[in-house]
Amino acid sequence: MLNPDHSADMAREDAASADAMQLDFQTHPQRYRHWKLTTSGAIANLDMDVSEDGAAFPGYELKLNSYDIGVDIELYDAIQRLRFEHPEVKTVVVASNKPTMFCAGANIRMLAGASHGHKVNFCKFTNETRNAIEDAGEYSGQRYLCALNGTAAGGGYELALAMDYLILVDDGNAAVSLPEISLLAVLPGTGGLTRLVDKRKVRRDLADVFCTVEEGVKGQRAVDWRLVDETVPSSQFAQRVAERAEEMSRMSDRPDASGGVQLTPLSRLIKADSIEYDWLGLSIDRNNRNVTLLIKGPDTEAPDNPAEVIAMGDRFWPLALVRELDDALLHLRFNEADIGTIIIRSAGTGDAVKEYDEFLQRNRDNWLIRETILYWKRTLKRLDLTSRTSFAFIEPGSCFAGLLAELLFAVDRSYMLDGQFEDDDTPAATIMLSESNFGPLPMSNGLTRLQTRFLGEPDSVAAAKGYIGREIDAGLAARLGLVTFTPDDIDWEDEIRMLLEERASFSPDALVGMEANLRFAGPETLETKIFGRLSAWQNWIFQRPNAVSDAGALRRYGSGLRPEYDKNRV
């Protein structure tokens, strides 16, 4: 066995090299190393079969179906493909191909060696992926059945908790557990605690016992404590899972016929400081630590009916753009940690965007249009949750209308040019509201961004709604409270320059704390607890010596040495 201190040194070296590696969130079932996806009519099977030598970074093996970011990238891809490529699938059965082990959770060696930033971003991504599972069940009629054919520990049980129905095999050994407190000096970091008491409604005292019992809970007690929905003997397990999957399928409103949209590889031209997609340009200014996302409006008319969208496939502008935006936000999160400010601009005509927006709203009962709108909802939430400052600049030639106008209410501040630039005959910028801004794209708090913006002045939401479909210039936008500031041509360049310089001079830590506290006014929900309260404590715990020092629990796990704890309760 390696000396623990030497092992810790190696882990740190591996973490340093990992930080220099670029993560790519594009994959395909034919390239999966950790999951097997099959479909048969209304039922899909998503089997976890993690390759031990398939770690995303060097320095650890993925034993016992433990996972790292690479495993979850494949899971996220599978969830997306099931929603868009398989409209006929109504129930997804998630199981393990490893006998007696469903999933051992996040890989301990990976956590011990990873940088602090990667640990936190990894847990954020896994949470968003589990939210996508819950979103599919609640809004898309595609429900998830977790067939726990073995033990589910830590993140493995947290993955199960995201699903609609849990069946645990009753073989005398299989159990569910959240052993992070007792083993690792951390907390169930991908929503486990919150889902336990808020979603499964486990009693507080029983949850306290469960979270501090290393071996977990099995059999009828797991059902009695609401940790799972039912247990079934090994001899009847496969039959009961199949029966329950059919029962769940009969509750879905998804179409019976197949004929989904294939999610083809994104067109990306990647350079050192830029990425060019078809409908999105990403340009990095490293000196000033900011990135500009230039969103391009459509260059063709909106289709007449959903059948045309099926024929267009993933080239349908709203779907194509949101896939690119999703990819860009994930790239920035994991691969560009030094970039502190996201600037959003747009180019195109508001009328063209308005046509597509109205098409989406007219046909929102169609399964594919519904999925496209829901994809926008999830991606806008990813922007809400960014640890970067976000600004929007509205200039002549912009197309912030309807769906794209929602970006203006997702950012921390918006600046709109009042009038035109000197020696430029491009018409003055306007913005345009639509029904998309008043319901279908809620934040994690369950409110629209305008409701959150005007939490203390609900009449302002009603006033803004009265301008749906009308062009709103800078003066009116300011009076309606839809933008932050409206400099004219004389002041524009200086104000923007000073804004960006000031932001770059502030402490990133202080900004992250400030922005996260300001963005989510209003009611607390399962999501806001997971991403706010739990993520904040997790961020703190992952830096404490009790977990991550050489004598901490993460580094000493499996070494035979007991961790040393600072006993202060802070």
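The legends below describe an overview and five close-up views of a predicted model. Residues are numbered from 1 along each chain as its sequence is written, and side-chain values use heavy atoms, with hydrogens and water left out. In this predicted model, local features need pLDDT of at least 70 and side-chain atom pairs count only at pLDDT 80 or more, while totals for chains, interfaces and linings use all residues.

**Figure 1. Overview of the chain, with 23 helices and 18 strands.** Helices (H or I, at least four residues) and strands (E, at least two) are DSSP runs numbered from the N terminus. The radius of gyration is 24 Å, close to the 25 Å that the globule rule gives for 570 residues, so the chain is as compact as a globular protein of that length; the radius is taken over C-alpha atoms, and the rule is 2.2 Å times the number of residues to the power 0.38. Along the principal axes, the C-alpha atoms fill a box of roughly 75 × 55 × 45 Å. Of the 570 residues, 57% are buried (buried means under 20% relative accessible area, exposed over 50%, partly exposed in between; 1.4 Å probe, protein chains only). Among contacts (heavy atoms within 4.5 Å) with a separation of 6 or more, 75% join residues 24 or more positions apart.

**Figure 2. Close-up of Asp-327 in helix H12.** Helix H12 spans residues 317-335. Asp-327 is buried, its relative accessible area being 5%. The side chains of Asp-327 and Gln-26 are joined by a polar contact of 3.1 Å (a pair of N or O atoms within 3.5 Å; within protein, one must be able to donate a hydrogen and the other to accept it, and residues adjacent in sequence count only if both atoms are side-chain atoms). Beyond its neighbours within four places in sequence, Asp-327 is in contact with Phe-25, Gln-26, Leu-266, Arg-268 and Tyr-277.

**Figure 3. Close-up of Ala-320, also in helix H12.** Ala-320 is buried, with 9% relative accessible area. When neighbours within four places in sequence are set aside, Ala-320 is in contact with Trp-279, Asp-314 and Arg-315. Ala-547 lies 227 residues from Ala-320 in sequence, and their C-alpha atoms are 42 Å apart in space.

**Figure 4. Close-up of Leu-145 in strand E7.** Strand E7 comprises residues 143-148, and Leu-145 is buried at a relative accessible area of 0%. Outside its neighbours within four places in sequence, the contacts of Leu-145 include Thr-91, Val-92, Val-93 and Val-94. Met-163, Tyr-165, Ile-167, Val-241, Arg-244, Ala-245 and Met-248 are also in contact with Leu-145. A C-alpha separation of 6.0 Å is found between Leu-145 and Asp-164, which are 19 residues apart along the chain.

**Figure 5. Close-up of Arg-289 in the loop between strands E14 and E15.** The loop is flanked by strand E14 (280-285) and strand E15 (290-296). Phi of Arg-289 is near 55°, a positive value in a residue other than glycine. Arg-289 counts as partly exposed, at 27% relative accessibility.

**Figure 6. Close-up of Asp-423 in the loop between strand E18 and helix H16.** Strand E18 covers 413-416 and helix H16 covers 449-453. Asp-423 has a phi near 65°, a positive value in a residue other than glycine. The relative accessible area of Asp-423 is 79%, and this residue is exposed.
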